[in-house]
Amino acid sequence: DYAIVQNGDTLGRLQFRGSTGTTTRAAAHILSLVDGVPDSVNGLLPGAISFATSLATDIFPVERARITSTGFLGIGSSTPWAQFSVNPTSANGAAPSFAIGSSTATRFVVTNAGNVGIGTTSPQGKLHVSGGNIVLDNNRAIQFTGIAGDIRSLVSYSASDVQTFGTANNNWAANGFDMTFTSARSAGGAA
């Protein structure tokens with residue numbers, strides 16, 4: 001007869017220890033954990049893997065990443081809610097939540113404040129693009145939502161090669177702004 005393990009129980013541990021000169025301490029460990037309710041009828045056991053490391057100020061390793069039984073990876077989170085979740089922690093200090101590139105050539109960054117930078121490591125707003133263009137294709141538009149919840153296009157481009165600044169159907173013309181350029185570059189609009 002076997003005792004049933006419970007959600008969160010540790011199944012195994014791989015620990016890395018060393019001497020500080022006065023004692024031995026764990027610097028890091030990898031845990032295997034039960035990640036859900038075991039199915040005793042079918043003999044199924046959901047599992048997760050936890051990765052923990054120690055800062056110079058930590059007495060014990062602290063969990064930094066986890067792979068859940070569903071395959072979700074959490075960095076700074078023991079409960080990732082997407083296939084890849086990053087949760088900034090105070091241990092990050094001023095480091096960004098997420099970055100692509102090196103510390104000297106960063107291509108994409110998400111700050112702890114939630115600002116996104118493309119071509120910059122210090123985005124000054126929710127989206128900051130530096131050193132390049134934003135390209136829209138296939139009948140796309142840059143749109144804004146008004147106070148009343150109405151969607152207004154600032155600029156749009158259609159498959160028939162028509163560029164429109166503002167759109168009459170979204171009441172920009174009523175506010176004095178609606179201009180269209182066709183492929184022949186002729187202009188038309190309402191004042």
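Just 18% of the 191 residues in this protein count as buried. Keep in mind that this is a predicted model, with a mean pLDDT of 81 for the protein. On the secondary-structure side, there are 15 strands and zero helices. The notes below start with the chain as a whole, then move to strand E4 and its partners, the salt bridges, and finally Ser-85.

**The chain as a whole**

- The accessible surface adds up to about 12900 Å², and carbon and sulfur atoms account for 57% of that.
- Take the contacts between residues at least 6 apart in sequence: 11% of them join residues at least 24 apart.

**How confident is the prediction?**

- A pLDDT of 70 or more is reached by 77% of the residues.
- Among the elements, strand E3 (residues 47–53) has the highest mean pLDDT, at 97, while strand E15 (residues 187–190) has the lowest, at 52.
- Residues 170–176 have pLDDT below 50, and beyond near neighbours in sequence that stretch still has 17 contacts in the model.

**Strand E4 and its partners**

- Strand E4 covers residues 62–67, and Arg-66 lies in it.
- E4 pairs with E3 in the antiparallel sense, over five bridges.
- Within that pairing, Phe-51 has Ala-65 of E4 as its bridge partner.
- E4 also runs antiparallel to strand E5 (residues 73–75), this time joined by three bridges.
- Here Ile-67 stands opposite Leu-73 of E5.
- The E4 and E5 hairpin has five residues between its strands, and Gly-71 takes a positive phi near 90° there.

**Salt bridges**

- How many salt bridges does the structure hold? There are two.
- As background, side chains of opposite charge can pair when their charged atoms come close.
- One of the salt bridges links Asp-58 with Arg-64, whose closest N and O atoms are 2.9 Å apart.
- Asp-58 is partly exposed, at 24% relative accessibility, and Arg-64 is partly exposed too, with a relative accessible area of 22%.
- The other salt bridge joins Arg-66 to Glu-63, with the closest N and O atoms 2.7 Å apart.
- Is Arg-66 buried or exposed? Its relative accessibility is 16%, and the cut-off for buried is under 20%, so Arg-66 counts as buried.
- Glu-63, on the other end of that salt bridge, is partly exposed at 28% relative accessibility.

**What surrounds Arg-66**

- The Arg-66 and Glu-63 side chains also make a polar contact, at 2.7 Å.
- Which residues does Arg-66 touch once neighbours within four places in sequence are left aside? The list includes Ala-48, Ile-49 and Ser-50, along with Phe-72, Leu-73 and Gly-74.
- Leu-33 is also in contact with Arg-66, as are Ser-77, Ser-78 and Pro-80.

**Ser-85 in strand E6**

- Strand E6 spans residues 84–86, and Ser-85 is found there.
- Ser-85 has a relative accessible area of 6%, so this residue is buried.
- A polar atom of the Ser-85 side chain lies 3.2 Å from the backbone nitrogen of Trp-81.
- Leaving out neighbours within four places in sequence, Ser-85 is in contact with Leu-73, Gly-74, Ile-75 and Pro-80.
- Leu-73, Gly-74 and Pro-80 turn up among the contacts of Arg-66 as well as those of Ser-85.

Methods: Residues are numbered from 1 along each chain as its sequence is written. This is a predicted model: local features need pLDDT of at least 70, side-chain atom pairs count only at pLDDT 80 or more; totals for chains, interfaces and linings use all residues. Side-chain values use heavy atoms; hydrogens and water are left out. A salt bridge is a side-chain nitrogen of Lys or Arg within 4 Å of a carboxyl oxygen of Asp or Glu. Buried means under 20% relative accessible area, exposed over 50%, partly exposed in between (1.4 Å probe, protein chains only). Helices (H or I, at least four residues) and strands (E, at least two) are DSSP runs, numbered from the N terminus. Contact means heavy atoms within 4.5 Å. Accessible areas come from the Shrake-Rupley method with a 1.4 Å probe; for residues, only the protein chains shown count as cover. pLDDT is the predictor's confidence in each residue, from 0 to 100. A polar contact is a pair of N or O atoms within 3.5 Å; within protein, one must be able to donate a hydrogen and the other to accept it, and residues adjacent in sequence count only if both atoms are side-chain atoms. Two strands pair if DSSP finds at least two bridges between them.
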